[in-house]
Amino acid sequence: MSTKSTHYRETSTVKCKPEPGEKKKSKLEVRQELERPRFEQPSNDTEIPNVSESVATLASSDSSDPYPPFKWPEFTDLVYEADGSINLRAQNARIQIVLKTAVLELKKIAVFENVFPTITENTAAYEHKERAILKRLKNDIDYAAALASVPEGRISAFRTSIKKLAHQIVVSRFGLKKGCADQVEELLKSHKYIFPTDSNGKVLGDQPFCDEGIVDILHQSMFNGENSIGVRSHEDFVSVLDDNDEPELPVAMVALVATITYAILMDWRSGNPPSSSQVKSFNATLHISVYKAHEATLTRIFECGKKKYHALMARLYKAVSVSQNMLLPAGSLSNFDYLNVDAMSED
């Protein structure tokens, strides 16, 4: 087997043909499958000895054994802080490369597939052909846990940074101020905050997730600059339609920003401005159900019409990916009563 690693996100031109008797997947399920990062499994042909075998050899030897105890290569060692934590910048160059790759991959999974992802550093180590690091990850539980803490911490910080950035956008968009409790309740009702309104305040139910606040947050957090995750991953934005290559925003990215908007409104639910610590915090566990609700709404739109789903997500991509933020026209968990799928455009 070749040892060359591959990491890819296949486009919608790839056909997934079901096996006989297998239930045919929906196009959205196929797309989600294609967006999922894939890695070749590392070869067992490695120069690093098996730890269990080394330990067994040591256990059966006496004190006169001429062979020294097994030691991992020095470049695989980690530098720990005084509190036992791991600082990426304190590690040697080879460890840093593996960790930076793992962080980037985790961010991609968070915005393209699942905002609450799990991943190991094994794939990153294999991608860079760091066989010693890969072997140690597989055989040293404490070592693996220590390395995992870095990308896990970064993805948590990534979500929190979006909420901090989004706070002032949401406050300005809805004019939140002391005494706004009734206004916030109205916005939370049926998730009204994801819909734009017309000049008379009428909710535009055929434009879910197109509120200018959500569009602004998407642009500022995902596409603002050449190093942003959206710009660096531009080839990963694909279409669910076989005959239309217009890129779309993925479900996870849109649902994440809508969930963060909800979290900010909840911070203001009492009618009083949130504390500094509230503004700077985002408890992902508390908001999984909200994220799932937004995810389900986008799935419902897809099931009601692939062209309508594509038109929505392609329109959002165009709005948030432009260099100058071109906003779309302004305008408790419950059903999305404002949603009007029948009126949604297919163009």
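The following exchange goes through aromatic pairs, a pocket and a nonpolar core in a predicted model.

Me: What makes Phe112 and Phe237 an aromatic pair, and why is the pair called tilted?

Reply: The ring centres of Phe112 and Phe237 are 4.9 Å apart, and rings pair if their centres lie within 6.5 Å. Their planes stand at 55°; under 30 degrees would count as stacked and over 60 as edge-to-face, so the pair is tilted. By this rule the count comes to six aromatic pairs.

Me: Which parts of the chain does the pair of Phe112 and Phe237 tie together?

Reply: Phe112 belongs to helix H3 (residues 93-112), whereas Phe237 sits in the loop between helix H9 (229-232) and helix H10 (251-267). The pair therefore ties together parts that are 125 residues apart in sequence.

Me: Why is the pair of Phe223 and Phe237 called tilted?

Reply: The centres of Phe223 and Phe237 are 5.5 Å apart, with 40° between the planes. That angle is neither under 30 degrees nor over 60, so the pair counts as tilted. Phe223 lies in the loop between helix H8 (212-222) and H9, and Phe237 in the loop between H9 and H10, so this pair ties together parts 14 residues apart in sequence. Phe112, Phe223, Phe237 and Tyr317 form one aromatic cluster.

Me: How do you know whether Phe223 and Phe237 are buried or exposed?

Reply: Phe223 has a relative accessible area of 6%, and Phe237 likewise has 6%. Buried means under 20%, so Phe223 and Phe237 are buried. Phe112 is buried too.

Me: What makes Arg94 a charge over the ring of Phe75?

Reply: Arg94 lies over the face of Phe75, at 3.7 Å from the ring centre. The distance limit is within 6 Å, for CZ of Arg, so the value for Arg94 meets it.

Me: What lines the largest pocket?

Reply: The largest pocket has a volume of about 480 Å³. Of its 23 lining residues, Val103, Leu104, Lys107, Asn227 and Arg232 are the closest to its centre. H3, helix H6 (141-174), H8 and H9 each supply at least two residues of the lining. By class, this lining has eight nonpolar, eight polar and seven charged residues.

Me: Which residues have the most contacts inside the largest nonpolar core, and which helix gives the most to it?

Reply: The core has 66 residues, and those with the most contacts inside it are Leu176, Met222, Leu249, Leu265 and Leu316. Among the helices that each supply at least two residues of this core are helix H12 (288-304) and helix H13 (306-321). H10 gives the most, with 13 residues.

How values were computed. Residues numbered from 1 in each chain as written. Predicted model: local features only at pLDDT ≥ 70, side-chain atom pairs only at ≥ 80, totals over all residues. Heavy atoms only, no water. Helix = DSSP H or I, 4+ residues; strand = E, 2+ residues; numbered from the N terminus. Buried < 20%, exposed > 50% of the residue type's maximum accessible area, 1.4 Å probe, protein only. Lys NZ or Arg CZ within 6 Å of the ring centre and 35° of its normal. 1 Å grid on protein atoms, 1.4 Å probe; cavity = no way out; pocket = protein on both sides within 12 Å on 5 of 7 lines; lining within 4 Å. Points joined across faces, edges and corners; volume = space filled by probe spheres on them. Nonpolar A, V, L, I, M, F, W, Y, C, P; charged D, E, K, R; others polar. Core = buried A, V, L, I, M, F, W, Y, C linked by side-chain atoms within 4.5 Å.
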